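Work through the exercises below with the sequence and the structure side by side, and try each task before you read its solution.

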Amino acid sequence: MTRALRRQANRNGTGRGLDRRTLLVGAGAAGSLLLAWGAWPRTYRPNLNAVAGETIFNAFLKIDKAGRILVIVPQAETGQGVTTLLPQILADELGADWRTVGVQSAPVSPLYANTLLAREWLADDWSRLAGGAGEWAIGQYATRRALMLTGAGTSVPMFRTAYQEAGAAARVLLCKAAAARWDVPWESCDIQNGIITDGGRRTFKIGEVAAEAAELDLPEILPFRQGQADRLFGQDLPRLDTPSKIDGSHNFAADVRLPDMLFASIRQGPIGDAVLTRVNEQAAKSVTGFSKLVRTDRWVAAVATNWWAANKALDLSDPVFELSGSPVSSAGIDAALEQAFSGSSGQRLYSRGDLKPLFDNATILASEFSVAPGLHLTLEPPCATARVGEGVAEIWMPAQAPALARTAIADALDMPEEQVVLYPLHAGGSFGRRMDFEVGVQAALIAREVGRPVQLLWSRLEDVIQDRPGAPAHARMAAKLGRNGAIEGWLAKVAAPCAMTQTWKRIAGGKSPHEASRAAADASTRLAVAGMELPYAMPNWAVDHFPADVGLPLGFTRGNAHLYGAFFTESFIDELAHLAGMEALSFRIQMLGGNPRLAHCLTTVGAMGGWQGGIEGSGQGLAVHAINGTYIAVMVEAAIDGNKLSVGRVIAAVDGGEQVNPDIARQQVESGLLFGLATAMGTSVPYAKGMPTRSVLSRMGLPRLQDIGEITVEMIRSTAPPAGLTDIGAPPVAPAIANALFTVTGQRFRQLPILSRT
């Protein structure tokens with residue numbers, strides 16, 4: 001297929017721009033899809049490279065002659081510890097010595113597709129109607145497009161079995177190779193701490209038989225390790241990335257250095273449909289070290305021998321952009337959300353029982369809530385390094401969707417994908433921001449223009465302006481209390497755009513941020529009200545979604561819609577408990593009879609935190625939440641002094657199933673708690689005339705060490721399968737703080753951030 005035809009196919013929805021409605025247009029179509037895709041090749045081989053002395057065992061493992069274990073990890077390391085967790089699973093099944101384990105990033109391959117996140121992202125009413133066929137079709141779509149996605153805490157749930165099998169398979173093959181030399185049954189052999197033994201005195205190091213082991217065949221039934229002796233799973237093993245991060249040798253995107261490399265800074269105009277109209281190149285030339293201005297219709301970049309010179313030249317060039325349509329403003333965002341309630345596009349996405357007869361002529365308790373768009377504000381701004389030569393382009397960047405990034409870069413350069421090599425790097429924070437990859441596309445175009453390697457680093461100002469924040473939302477909550485204080489009816493109406501839908505249209509559909517924003521504003525989706533499916537037992541309840549176009553390009557973020565969903569639900573629950581005259585913990589417990597894991601978390605956190613019943617002046621607040629098999633309860637102690645919010649204690653009890661590495665599990669939960677605290681205190685900026693009115697981090701009200709007291713995380717023992725923990729800590733913090741502040745102020749805080757900042 002020629003590239004022109006391929007681009008036309010994208011526009012028609014038959015190529016790379018295939019969306020979920022094209023993918024699944026009904027149960028009958030899904031059946032046809034099964035037949036059509038059933039004829040496609042389904043065998044994929046590892047596309048790993050091996051240096052001299054290395055042996056490739058499978059897509060996840062290489063072993064060298066010295067016995068070093070090299071684990072291949074397809075997930076982006078953004079600080080969550082995935083490059084320790086997945087190797088720990090494999091090393092446990094292999095019987096490896098942890099001191100010999102290393103990590104290598106995976107190349108783009110269908111073998112590493114994250115079908116779990118793809119199903120969560122792409123599932124809709126049509127795929128649900130198709131049942132198992134719909135899930136299969138989405139899984140096949142994700143695999144054959146090599147959708148290597150990192151996000152939503154899916155890494156361990158998605159890849160746990162694959163890494164167990166990879167480790168078990170290697171252990172069996174190594175035992176077979178050793179057994180052949182010893183002329184004993186391989187079933188009598190085992191590996192412990194990296195040493196193969198026959199149960200007696202004979203031993204081999206793993207590396208001594210690795211090459212011959214890889215040539216052997218596996219048994220029909222793959223045996224997993226039995227017993228708990230010398231197991232690595234469940235141990236607080238040291239993170240593999242810690243030493244290099246401590247001594248400074250760890251390479252992040254801005255650390256890449258190539259021969260003859262130049263540096264670039266970029267301007268992309270205000271938020272929206274902005275076109276570059278004028279730039280003063282003569283003024284830029286006055287800067288020492290300046291090399292060139294590179295322009296497109298949407299942005300201009302200055303290239304120089306160092307980044308400071310490039311950024312200074314860009315400032316002096318004074319680029320001017322022309323903005324089409326109404327500029328983004330906070331007032332416009334709020335108006336669009338409120339207007340959505342009066343439209344006809346609202347849809348009931350969750351329901352139980354019948355609210356209409358219950359609410360007719362009844363006394364209804366109602367409250368309204370609002371959440372502002374939340375910025376990512378990662379420590380490391382977007383950065384990528386590119387080298388574009390004859391017939392090959394190389395890109396160094398962190399990427400949560402590397403295959404989609406490679407596709408976009410290939411299209412921008414008009415090159416076959418096979419000629420684009422993407423080297424995935426660890427990210428200095430992400431929270432979902434590295435799901436987008438425009439910095440890689442820009443770096444590649446600039447490098448091609450100047451004919452030399454280029455490192456493009458966005459300024460913090462550019463990062464704030466061009467961020468794709470989490471979605472803003474408004475909610476109208478209503479409920480009817482029975483005579484015994486129980487909730488008889490519950491209705492949540494939520495006006496919000498869907499950030500996840502926008503992200504998908506942008507990174508997989510090839511739409512610009514402005515186009516994706518408009519395209520995603522038409523339909524109601526469960527992704528926009530994730531986290532509002534009640535964990536409580538109520539006879540009658542419903543959740544309605546009202547889609548809105550707020551004019552602000554939005555993106556994947558930590559917790560996504562769970563951030564505002566938990567705030568709406570848990571804040572309103574607390575209000576109802578107060579109106580019912582019941583203590584907040586007991587009020588929740590009476591509705592959690594069918595959810596024992598969440599109830600256990602709640603009672604645990606109450607006991608650990610010394611819950612005083614939410615009495616006046618206590619400064620204590622509670623909230624609970626659940627995401628994909630993970631359960632959490634949070635208690636905070638908070639105070640307010642004028643316009644200053646402080647949190648003295650945060651106590652969390654979490655049930656996330658068996659944990660690979662409990663210490664990393666606690667780190668993930670603590671990180672989420674702090675992210676939730678930042679959501680409550682800051683991370684949002686007002687918008688006016690298409691620009692944020694603040695861009696300096698110190699003015700955003702973000703929590704500092706002096707604002708945070710003791711943080712305690714209790715991991716509840718569980719035999720359930722490991723669930724993702726990266727998102728679970730963030731959603732319940734803000735409602736817990738709001739509920740705590742009510743006890744000291746008598747005022748309900750129904751907006752995020754909790755304290756408005758001008």
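**Exercise 1. Find how much space lies in the largest cavity, and describe its lining.**

Step 1. About 230 Å³ of space lies in the largest cavity, where a cavity is a set of points on a 1 Å grid over the protein atoms alone at which a 1.4 Å probe fits but cannot get out, and where lining residues have an atom within 4 Å of a point. The volume is the space filled by probe spheres set on the points, which are joined across faces, edges and corners.

Before going on, note that this is a predicted model, in which local features need pLDDT of at least 70 and side-chain atom pairs count only at pLDDT 80 or more, while totals for chains, interfaces and linings use all residues. Residues are numbered from 1 along each chain as its sequence is written, and side-chain values use heavy atoms, with hydrogens and water left out.

Step 2. The lining consists of 26 residues, and those nearest the centre of the cavity are Gly470, Ala471, Thr557, Asn560 and Leu563. Two or more lining residues come from each of helix 18 (499-507), helix 20 (562-579) and helix 23 (662-681), helices being DSSP runs of H or I with at least four residues, and strands runs of E with at least two, numbered from the N terminus.

Step 3. Sorted by class, the lining has 17 nonpolar, nine polar and no charged residues; here Ala, Val, Leu, Ile, Met, Phe, Trp, Tyr, Cys and Pro count as nonpolar, Asp, Glu, Lys and Arg as charged, and the others, Gly among them, as polar.

**Exercise 2. Check the span of helix 22 against its number of residues, and list its buried residues.**

Step 1. Helix 22 covers residues 596-609, and its 14 residues should span 20 Å at 1.5 Å a residue, the expected span being 1.5 Å times one less than the number of residues. The end C-alpha atoms are 20 Å apart, which agrees.

Step 2. The buried residues (under 20% relative accessible area, with a 1.4 Å probe and protein chains only) are Leu598, Ala599, Cys601, Leu602, Thr604, Val605, Gly606 and Gly609.

Step 3. These buried residues pack against several elements, including helix 21 (584-589) and strand 22 (620-627). After helix 22 comes glycine 610, with a positive phi near 70 degrees.

**Exercise 3. Is threonine 743 buried or exposed?**

Step 1. Threonine 743 is located in helix 24 (residues 733-745).

Step 2. Its relative accessible area is 7%, so threonine 743 is buried.

Methods. On a 1 Å grid over the protein atoms alone, a cavity is a set of points where a 1.4 Å probe fits but cannot get out, and a pocket is an open set with protein on both sides within 12 Å along at least five of seven lines; lining residues have an atom within 4 Å of a point. Buried means under 20% relative accessible area, exposed over 50%, partly exposed in between (1.4 Å probe, protein chains only). Contact means heavy atoms within 4.5 Å.
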